[in-house]
Amino acid sequence: MNMAVVGLVAGMTLGFAGYFGGFGAFLLVAALGAVGFVTGRFLEGDLEPGDFFRGRERGERRR
């Protein structure tokens, strides 16, 4: 599926949730969408679990 179509569907879903369910439903749909996005990335192999839990190494310290 084209990324523009995915964005359109996500925007419409958030719009409907906000209109019919209020702000709480909007936040719930947005949070569940983010969880689904991250889960999909894990299943496709684009993300590793260590990407979220790995600390910075000594050579990569920011100032």
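## Burial and exposed surface

In this predicted model, buried residues account for 2% of the 63 residues in the chain. The surface that the chain exposes comes to about 5,700 Å², and 64% of that area is supplied by carbon and sulfur atoms.

## Helices and the kink in α1

The chain contains two helices and zero strands. Helix α1 covers residues 3-44, and its span deserves careful reading: a straight helix of 42 residues would span 62 Å at 1.5 Å a residue, whereas α1 spans only 15 Å between its end C-alpha atoms.

Where is the kink in α1 centred? The kink is centred on G21 and amounts to about 145 degrees. Another glycine, G45, follows α1, and the phi of G45 is positive, near 90 degrees.

## Aromatic rings in α1

The count of aromatic pairs in the model comes to three. One of them joins F16 and F20, whose ring centres are 6.1 Å apart and whose planes meet at 15 degrees; the pair is therefore stacked, because planes under 30 degrees apart count as such. These two residues are four residues apart in helix α1, which means that about one helical turn separates F16 from F20. Are F16 and F20 partly exposed or exposed? F16 is partly exposed, with a relative accessible area of 48%, while F20 reaches 66% relative accessibility and counts as exposed, because the cut-off for that word is over 50%.

F20 also pairs with Y19, and here the ring centres are 4.9 Å apart with the planes at 85 degrees, so this pair is edge-to-face, given that planes over 60 degrees apart are described in that way. Y19 itself counts as exposed, at 67% relative accessibility. Taken together, F16, Y19 and F20 form one aromatic cluster.

## A nonpolar patch on the surface

Which residues form a nonpolar patch on the surface? The patch is formed by M1, M3, V5, V6 and V9, which together have about 520 Å² of accessible area. One of these residues, V6, has its place in helix α1, and V6 is partly exposed, with a relative accessible area of 35%. That value lets V6 belong to the patch as far as accessibility is concerned, because patches are made of residues with over 30% relative accessible area.

Conventions
Residues numbered from 1 in each chain as written. Predicted model: local features only at pLDDT ≥ 70, side-chain atom pairs only at ≥ 80, totals over all residues. Heavy atoms only, no water. Buried < 20%, exposed > 50% of the residue type's maximum accessible area, 1.4 Å probe, protein only. Areas by Shrake-Rupley, 256 points an atom, 1.4 Å probe, with all protein chains shown as cover. Phe/Tyr/Trp six-rings, centres within 6.5 Å; stacked < 30°, edge-to-face > 60°. Patch = residues over 30% accessible without salt bridge, like charges linked within 9 Å, V, L, I, M, F, W, Y side chains within 5 Å. Salt bridge = Lys/Arg side-chain N within 4 Å of Asp/Glu carboxyl O. Expected span 1.5 Å × (residues − 1). Bend = angle between axes of the 7 residues up to and from the residue.
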